[in-house]
Amino acid sequence: MVAGGPIGAGVGGARAVARCNALGLAPYTDMADGLFRAYLSPAYRAAQATLAEWMAQARMAVRQDAAANLIGRYEGTTPAAPALIIGSHLDSVRDGGRYDGPLGIMLGIEAVAALNDAGRRMPFAIEVYAFGDEEGSRFPAAMLTSRAVAGTLDAAALAVVDADGVALADAGVDVGAYLSAARRSGEVLAYLEAHIEQGPVLEAEGLAVGTVTGIAAQVRYRVQVTGQAGHAGTATMPLRRDALAGAAEMILAVERIAASAASDLVATVGRIEAQPGAANVIPGAVTFSLDVRAGEQARRDLAASEICAQLQEIARRRSLGVEVALVHDLPASPCDPALVDVMDAALAAAEQPSRRLVSGAGHDAMVMAALCPTAMLFIRCRGGVSHNPAEHVDPADAQIALTVMSGFIDRLGGSV
Ligand code: HGY
Ligand code: MN
Ligand code: MN
């Protein structure tokens with residue numbers, strides 16, 4: 001089922017949720033029993049084709065840029081005026097939820113559809129971006145495609161290979177032209193992203209939506225621990241150099257340091273691989289991911305250096321080797337204060353209480369801030385659950401978000 005066709009006012013939110021649900025099923029997912037949509041995969045391409053139809057139904061001109069972002073453009077009354085970009089991401093984490101990313105894209109399409117249904121145009125064009133790689137769930141780097149648009153990506157970052165050994169260059173894009181996806185700052189008025197909160201605050205306070213004031217700083221590493229493989233039955237315990245036991249102690253140290261900070265600091269080891277991975281072989285090598293975040297860069301960096309020092313100390317004590325390689329470093333990104341005020345005014349006009357909050361989750365908005373002023377609107381999600389198939393959004397909340405977004409656009413266009 002693909003939700004389409006013209007609709008009356010007041011149900012764009014329900015259609016946005018229905019479309020996210022439609023994209024949660026085959027052929028829009030790369031996994032048999034859940035949702036995983038990887039950048040440039042067959043599921044990604046199928047989702048782009050359906051999104052392009054929905055964008056065209058809202059009377060947008062549709063194109064793809066050199067980074068394989070899908071873009072719908074709804075002209076304004078002043079053709080050369082800088083455009084408002086509304087966007088979020090089309091890729092997902094493995095076994096993810098249906099709304100993390102797509103909801104922001106669908107609400108952008110609904111905001112344009114509402115203008116078109118009313119025969120209205122703003123003084124600026126509106127471009128809806130479906131970014132391709134926010135999660136970094138295929139290639140070992142996140143936000144590739146929004147960094148290409150923001151002009152902050154260097155060519156070296158394109159030399160990436162996925163877990164199956166497929167290089168980005170062989171995945172369906174021309175890496176030689178990739179950086180031409182960059183937009184000039186003069187052609188973009190602002191960037192607006194609506195996204196589920198992915199946290200418990202709005203639900204706990206009985207709120208449907210909230211205004212984001214900024215996005216936490218995040219740094220991600222790949223940690224490689226080396227010991228000595230050996231026979232599980234003959235190698236005596238005191239003589240072992242067990243890379244997995246060492247990694248386990250390191251991971252508990254990560255948790256202890258983050259938990260003891262008693263602040264918004266968080267640290268996560270989300271992925272681990274032990275080699276050779278046989279039940280009767282002492283692991284000789286382990287690779288794990290390390291993700292450290294805090295609202296303020298200085299606190300994030302202090303915690304990251306304390307964690308790295310602990311990893312070295314544990315390795316020394318256990319006669320293990322350890323290498324910590326930086327995967328990406330995303331600075332804290334404040335939303336534009338003036339746009340935060342505009343968002344709050346749109347909330348008030350929609351009879352929604354003002355609630356400002358910082359995002360612990362990363363978003364394409366933190367990258368787009370290098371190009372233009374940014375604004376984000378959070379939408380309540382059940383239990384604050386995300387990156388999980390149980391992710392859920394109430395269509396009524398999506399409708400409230402759409403009303404707020406339309407009010408934001410009207411204020412930006414000076415029509416209020
Ligand atoms: O990791 C994040 O915060 C985002 O979901 N990519
Ligand atoms: Mn997201
Ligand atoms: Mn996510």
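# Briefing: a two-manganese site and its ligand

H387 is partly exposed, with a relative accessible area of 43%. The model described here is predicted. H387 is a good place to start, since it appears both among the residues around ligand 1 and among the protein donors of the manganese ion (ligand 3). The points below cover the two manganese ions, then ligand 1, then some details of the backbone and of single residues.

**The manganese ion (ligand 3)**

- Three residues supply protein donors to the manganese ion (ligand 3): D100 through OD, E135 through OE and H387 through NE2. These donors lie 2.1 to 2.2 Å from the ion.
- Along the sequence, the donor residues of this manganese ion (ligand 3) follow the spacing D-x34-E-x251-H.
- E135 and H387 link distant parts of the chain, being 252 residues apart. E135 sits in the loop between β4 (126-131) and α4 (144-150), while H387 sits in the loop between β16 (374-379) and α10 (395-412).
- Is E135 buried or exposed? E135 counts as buried because its relative accessible area is 11%, and buried means under 20%.
- H387, in contrast, counts as partly exposed because its value of 43% falls between the cut-offs of 20% and 50%.

**The manganese ion (ligand 2)**

- The protein donors of the manganese ion (ligand 2) are H89 (NE2), D100 (OD) and H195 (NE2). Their distances from the ion run from 2.0 to 2.3 Å.
- In sequence, the donors of the manganese ion (ligand 2) are spaced H-x10-D-x94-H.
- H89 and D100 are 11 residues apart. H89 belongs to strand β3 (residues 83-89), and D100 belongs to the loop between β3 and α3 (102-117).
- H89 has a relative accessible area of 0%, so H89 is buried. D100 is also buried, at 5% relative accessibility.

**The bridge between the ions**

- Which residue bridges the manganese ion (ligand 2) and the manganese ion (ligand 3)? D100 does, and the two ions lie 3.4 Å apart.
- D100 therefore appears in both donor lists, and its side chain belongs to a buried residue.

**Ligand 1 and its surroundings**

- Which residues are around ligand 1? They are E134, E135, Q218, R220, R293, A361, G362 and H387.
- By class, this shell holds 1 nonpolar, 3 polar and 4 charged residues.
- Domain 1 (12-216 + 332-414) and domain 2 (217-330) each contribute at least three residues to the shell around ligand 1.
- A nitrogen atom of ligand 1 lies 2.9 Å from a polar side-chain atom of E135. E135 is also a donor of the manganese ion (ligand 3).
- The side chain of R293 has an N or O atom 2.6 Å from an oxygen atom of ligand 1.
- G362 makes its contact through the backbone: an N or O atom there lies 2.7 Å from an oxygen atom of ligand 1.
- Ligand 1 on its own has 220 Å² of accessible area, and the protein covers 94% of that area.

**Cis peptide bonds**

- Most peptide bonds are trans. The cases below are cis.
- A26 and P27 are joined by a cis peptide bond with omega of about 5°. P27 is in the loop between α1 (12-22) and α2 (42-57).
- Q275 and P276 are joined by a cis peptide bond with omega of about 0°. P276 is in the loop between β10 (272-275) and β11 (281-282).

**Positive phi values**

- Most residues other than glycine have a negative phi. L40 has a positive phi, near 70°, and so does A68, near 60°.
- L40 lies in the loop between α1 and α2. L40 counts as buried because its relative accessibility is 7%.
- A68 lies in the loop between β1 (61-64) and β2 (70-74). A68 counts as buried because its relative accessible area is 2%.

**A residue in strand β6**

- T211 is in strand β6 (residues 209-215). T211 has a relative accessible area of 0%, so T211 is buried.
- T211 and R184 are 27 residues apart along the chain. The C-alpha atoms of T211 and R184 are separated by 27 Å.

Technical notes:
Residues numbered from 1 in each chain as written. Chains lettered and ligands numbered in written order. Predicted model: local features only at pLDDT ≥ 70, side-chain atom pairs only at ≥ 80, totals over all residues. Heavy atoms only, no water. Near = heavy atom within 4 Å. Polar contact = N/O pair within 3.5 Å; in protein donor to acceptor, adjacent residues only side chain to side chain. Areas by Shrake-Rupley, 256 points an atom, 1.4 Å probe, with all protein chains shown as cover. Nonpolar A, V, L, I, M, F, W, Y, C, P; charged D, E, K, R; others polar. Domains from an automatic or database assignment. Donors = N, O, S within 2.8 Å, 3.2 Å for Na, K, Ca; no water. Helix = DSSP H or I, 4+ residues; strand = E, 2+ residues; numbered from the N terminus. Buried < 20%, exposed > 50% of the residue type's maximum accessible area, 1.4 Å probe, protein only.
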